[in-house]
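Take a look at this protein chain and its fold. The report below begins with one charged residue and works outward from there.

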Amino acid sequence: MAPKLALLIPEKLALLPGIQYLPWRTPFRLLPQAAQLIVVEKISNVIFKQQLFDGELCFLENTVLRIQIRDLAYDWQVSLKQDRLSFSPGRDSADTTFSGNSRDFLLLASRREDPDTLFFQRRLSIEGNTELGLHVKNLIDSVDMDELPAAFNHALNLMADFVEALPH
């Protein structure tokens, strides 16, 4: 059976001469922080809808989780407020900080890379309360990707195909 055209597009793009030197991350870097926070908060509350409903995120009450995506200069903190994930600008006072580059976070989100592998290879790092970090890792593993909107999964997989095909 022939591969789907949609799967070939990221691979073909990644083969273009010099593509790895193009500033493909620039549009994401230029997104104002207020817009970043709105988008990530809405998406996170959709992704973790069932876990929020089931009370599986109660470990985030009275704690602050910081997420830094270094190559995009994104710096957010997340906490649980009124049974919803709430995002705000990152601060040094977080209980736990996850940091890494967009490629590795994308591969983690798309399940192309195992979280333990990313941490052991130091492509993602965790600082602070490691017990909280373990809860977050288990939470990520608990998401059933098949229950997420098909358009979201499709976009996530196309982006992951593209970054996997790019040379490091």
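D92 counts as exposed, because its relative accessibility is 73% and the cut-off for exposed is over 50%. This value, like the others here, comes from a predicted model.

**Salt bridges**

What does D92 meet in a salt bridge? Its partner is the side chain of R66, with N to O at 2.9 Å. R66 sits in strand β1, residues 65–69. D92 sits in the loop between β3 (84–89) and β4 (96–100). The pair therefore ties together parts that are 26 residues apart in sequence. The two partners sit in contrasting surroundings. R66 counts as buried at 10% relative accessibility, whereas D92 counts as exposed at 73%.

The link does not end with two residues. R66, D75 and D92 are joined in a network of salt bridges. In general, side chains of opposite charge can pair when their charged atoms come close.

How many salt bridges does the structure hold? There are six. The table lists three of them, including the one just described.

| Salt bridge | N to O distance | Apart in sequence |
|---|---|---|
| R66 and D92 | 2.9 Å | 26 residues |
| R123 and D104 | 2.8 Å | 19 residues |
| K137 and D116 | 4.0 Å | 21 residues |

Now take the second row. R123 forms a salt bridge with D104, and their closest N and O atoms are 2.8 Å apart. R123 lies in the loop between α6 (115–120) and β5 (124–128), while D104 lies in helix α5, residues 102–109, so the bridge ties a loop to a helix. D104 is buried, because its relative accessible area is 8% and the cut-off for buried is under 20%.

The third row joins K137 and D116, whose side chains meet at 4.0 Å, N to O. K137 is in helix α7 (residues 130–142) and D116 is in helix α6, so this pair links distant parts of the chain. K137 counts as buried at 15% relative accessibility. D116 counts as partly exposed at 30%.

**The whole chain**

Step back to the overall layout. The chain has eight helices and five strands. In what order do the elements run from the N terminus on? The order is α-α-α-α-β-β-β-β-α-α-β-α-α.

The chain has 168 residues, and 38% of them count as buried. Its accessible surface comes to about 10400 Å². Carbon and sulfur atoms account for 59% of that surface. Contacts tell a further part of the story. Take those between residues at least 6 apart in sequence: 69% of them join residues at least 24 apart.

**The sheet**

How are the five strands arranged? They form an open sheet in the order β3-β2-β1-β4-β5, and the pairing is mixed. β3 and β5 are the edge strands, each pairing on one side only. From one strand to the next, the twist averages 25 degrees.

Look at β4 and β5. They pair in the antiparallel sense, over five bridges. T96 stands opposite G128 in β5. A helix packs on the sheet as well: α7 touches β1, β4 and β5. The direction of α7 makes about 60 degrees with that of β4.

**Aromatic rings**

How many aromatic pairs does a search of the whole structure find? It finds three. One of them is Y74 with W76. Their ring centres are 5.2 Å apart and their planes stand at 35 degrees, so the pair is tilted. Y74 counts as buried at 7% relative accessibility. W76 counts as buried at 8%.

W76 also pairs with F87. Here the rings are edge-to-face, with 6.2 Å centre to centre and 80 degrees between the planes. W76 belongs to strand β2, residues 74–81, and F87 belongs to strand β3. The two residues are 11 apart, and the pair links distant parts of the chain. Both W76 and F87 are buried.

Which residues form one aromatic cluster? They are Y74, W76 and F87.

Key: Residues numbered from 1 in each chain as written. Predicted model: local features only at pLDDT ≥ 70, side-chain atom pairs only at ≥ 80, totals over all residues. Heavy atoms only, no water. Buried < 20%, exposed > 50% of the residue type's maximum accessible area, 1.4 Å probe, protein only. Pairing = 2+ DSSP bridges. Axes fitted to C-alpha atoms, helices over the stretch in contact; angles between N-to-C directions. Contact = heavy atoms within 4.5 Å. Areas by Shrake-Rupley, 256 points an atom, 1.4 Å probe, with all protein chains shown as cover. Phe/Tyr/Trp six-rings, centres within 6.5 Å; stacked < 30°, edge-to-face > 60°.
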